[in-house]
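This report introduces a protein to a reader who has not met it before. The sequence and structure are shown first, and the sections that follow describe them part by part.

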Amino acid sequence: MILALRLTVRGSEHVDARIVDHPEVRLVGHAAASGWCIKASTPHIQRHSPALPAEEHLRLKALGNTEPSGLLAVSDDLDPDYAEGSELTYLHGVAVSPGTPVPTGLDSSTFRPAGGWASGPPARIRRPLLIGQSGRRLHSPA
């Protein structure tokens with residue numbers, strides 16, 4: 001028996017996004033610990049990326065050399081029950097190939113298997129998207 005699932009999300013705007021499976025994703029960037037907020041934006045995460053100098057965003061963009069492309073904002077180590085205030089790791093960075101050296105001052109995380117990642121024009125993906133099976137969330141930086 002084959003089971004097919006079709007998900008339709010209705011909204012006011014069309015979003016060209018797709019889920020792409022990656023066997024491994026290595027992220028390099030700036031990580032910060034934060035508490036999980038369910039009912040509002042997480043203040044620490046909201047301040048993290050804008051606090052980085054503009055040159056740092058350019059350096060990260062130049063360092064990225066694989067898919068998923070562009071600047072990424074990833075929350076990892078989320079509590080399986082998404083408990084309010086639970087600790088998570090937030091990383092603002094880029095995906096790099098496995099052999100890419102990590103420059104001094106940057107954090108690195110490797111996900112194996114990486115699972116499904118949302119792929120599409122970042123400016124059009126406005127809300128967090130659940131990715132993989134480990135409770136990671138991918139946010140598109142605004």
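## Surface and overall make-up

The protein exposes about 9,100 Å², and carbon and sulfur atoms supply 55% of that area. The model is predicted. Of the 142 residues of the protein, 37% count as buried.

Two helices and eight strands are present. Read from the N terminus, the elements follow the order β-β-α-α-β-β-β-β-β-β. Among contacts between residues at least 6 apart in sequence, 73% join residues at least 24 apart.

## The two sides of helix H2

Helix H2 spans residues 54–63, and its buried residues are Glu56, His57, Leu60 and Leu63. These residues cover an arc of only 125° around the axis, which puts them on the same side of H2. The cover over the buried residues of H2 includes strand S2, helix H1 (43–51) and strand S4 (87–96).

The face of H2 turned away from the buried side has another character: Ala54, Glu55, Leu58, Lys61 and Ala62 are exposed there.

## The salt bridge

How many salt bridges does the structure hold? There is one. Its partners are Glu56 and Arg59, whose closest N and O atoms are 2.8 Å apart. In general terms, side chains of opposite charge can pair when their charged atoms come close.

Both Glu56 and Arg59 belong to helix H2, where they are three residues apart, about one turn of the helix. Glu56 is buried, because its relative accessible area is 14%, under the limit of 20%. Arg59, with a relative accessible area of 34%, is partly exposed.

## Arg26, a buried charge

Arg26 is part of strand S2, which comprises residues 25–35. Which side chain of opposite charge is nearest to Arg26, and how far away is it? It is that of Glu24, at 6.7 Å. Arg26 is buried and has no salt bridge, because a salt bridge requires a side-chain nitrogen of Lys or Arg within 4 Å of a carboxyl oxygen of Asp or Glu.

The side chain of Arg26 does have a polar atom 3.2 Å from the backbone oxygen of Pro98. Pro98 is also one of the residues in contact with Arg26 when neighbours within four places in sequence are left aside. The contacts of Arg26 further include Val94, Ala95, Val96, Ser97, Gly99, Thr100 and Val102. Ser108, Ser109 and Thr110 are likewise in contact with Arg26.

## The loop between H2 and S3

Pro68 is located in the loop between H2 and strand S3 (72–76). The peptide bond that joins Glu67 and Pro68 is cis, with omega at about -5°. As a general point, most peptide bonds are trans.

Gly70 is placed in the loop between H2 and S3 as well. Its relative accessible area of 38% makes Gly70 partly exposed. Apart from residues up to four places away in sequence, Gly70 touches Gly93 and Val94. Gly70 and Val94 are 24 residues apart along the chain, yet their C-alpha atoms are separated by 6.2 Å. Val94 also appears among the contacts of Arg26.

How values were computed
Residues numbered from 1 in each chain as written. Predicted model: local features only at pLDDT ≥ 70, side-chain atom pairs only at ≥ 80, totals over all residues. Heavy atoms only, no water. Helix = DSSP H or I, 4+ residues; strand = E, 2+ residues; numbered from the N terminus. Buried < 20%, exposed > 50% of the residue type's maximum accessible area, 1.4 Å probe, protein only. Lys, Arg positive; Asp, Glu negative; His and termini not counted. Polar contact = N/O pair within 3.5 Å; in protein donor to acceptor, adjacent residues only side chain to side chain. Contact = heavy atoms within 4.5 Å. Arc of directions from axis to C-beta. Areas by Shrake-Rupley, 256 points an atom, 1.4 Å probe, with all protein chains shown as cover.
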